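Student: I am new to reading structures, and I would like to learn how to place a single residue and then relate it to the rest of the chain. Could we work through an example together?

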Amino acid sequence: MFSKYLILLLLLSSFVFLGCKSDQSASDKAEVTTEKVSQVKSVEPQKVLEKPKAKLVKTIKATKSNSIAKVKMSEKLFNYCKKVIKDSRYKKLNSDKICQAMSKNEGCDSVKDRSIFHFEKKAKDSSQGQKILVISLIHGDEVPSGQVAYSWIQRLIDLNPRNTWRVIPMANPDGFFSRTRTNANKVDVNRNFPTADWEEKALNRWRTVKKKDPRKFPGKSANSQPETQCLVDHIAEFSPDFIISIHTPLGVLDFDGPKNINFPKFKPLPWISLGNYPGSLGRYMWAEQNVPVLTIELNNEMAVYNLEKFDKLQDISGTVAIQAIKKAKKKKVAK
Ligand SMILES: [Zn+2]
């Protein structure tokens, strides 16, 4: 008698359990389908349902890459922007003027939820200019690189430039405030870009060649960090013809781009080609997308307040960009 009841009870409870489960998955599907209908009309429902949630978000982002929403520069963001410039002792810079001109893309926040700002100035003749993207402080402890980016922004505000410039002066704010190369997850953002060889080589190279150097950890997977995602989205949205990445302390101008460029002399920093690595911006953009990358490696002696030198460096970068883009585009057509 007792065992009869037990069997009945077991049957009943498993029915209830299965019933709940199937209800739950039905509502999950309904949610994904609604999301799909309202946001990515061109993707077939079956394909979307097969993908895990993270991938779905990425698909939506990629489809909408030309229209990333801008966050309004609230008083709070404006004050934060000013604080960054003040804390960094960038005395010769007008933080009011710079921060008033700054924008922020939706989703451009660090691991610790700090804003990643950018500035954009269009070319005086948009039909002729090229698009140059400047990224600075991707390594948070390379403080003078931020100095260059902010000084270029200040200068661009009053200029009618040949090219359209977008400048991201502080790509790794958590690293900047903790004075670490890596972000708050201890990942080197400049090894986390989704290069085609990332899965095969990035972690392997870090373990063997780099002997697990904690400063160069590429992360557990490609494009896993919010800072990397912000930069990848900027690249997709802005579609730059040329990238300038500002670093310290090697004291060179490292160029990943077409050969036979007429490099203008810049006495403090000689031209050199250091190559690029799995997960790095140079490999992601030049080796894979044919967009030349100039890496400015400042040296430690470069006076932090020598803004005139930085002006010259900006002009030189613009001149090299125009030459390199012409050659890179020819190469693209020939392919
Ligand atoms: Zn660096």
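Student: Where is Pro 264 found?

Tutor: In this predicted model, Pro 264 lies in the loop between β7 (250-256) and β8 (271-272).

Student: How exposed does Pro 264 count as, and why?

Tutor: The general idea is to count C-beta atoms within 10 Å, where 20 or more make a residue buried and 12 or fewer make a residue exposed. Pro 264 counts as partly exposed because it has 14 C-beta neighbours inside 10 Å.

Student: Which residues is Pro 264 in contact with, leaving aside its neighbours within four places in sequence?

Tutor: With those neighbours set aside, Pro 264 is in contact with Ile 316 and Thr 319. Ile 316 is 52 residues away from Pro 264 in sequence, yet the two are 6.4 Å apart in space, C-alpha to C-alpha. For the protein, among contacts between residues at least 6 apart in sequence, 75% join residues at least 24 apart.

Student: What about the interior: which residues have the most contacts inside the largest nonpolar core?

Tutor: That core has 62 residues, and those with the most contacts inside it are Val 134, Ile 135, Ala 149, Val 167, Ala 171 and Ile 243. Helix α11 (residues 307-334) gives the largest share of this core, six residues. Taking Val 167 as a case, and not counting residues up to four places away in sequence, Val 167 touches several residues, including Val 134, Ala 149 and Trp 152.

Student: How many of the residues in the protein are buried?

Tutor: Buried residues account for 37% of the 335 residues, in a protein that has 11 helices and nine strands.

Technical notes:
Residues are numbered from 1 along each chain as its sequence is written. This is a predicted model: local features need pLDDT of at least 70, side-chain atom pairs count only at pLDDT 80 or more; totals for chains, interfaces and linings use all residues. Helices (H or I, at least four residues) and strands (E, at least two) are DSSP runs, numbered from the N terminus. Two residues are in contact if their C-beta atoms, placed from the backbone, lie within 7 Å. A nonpolar core is a set of buried Ala, Val, Leu, Ile, Met, Phe, Trp, Tyr and Cys residues joined through C-beta atoms within 7 Å.
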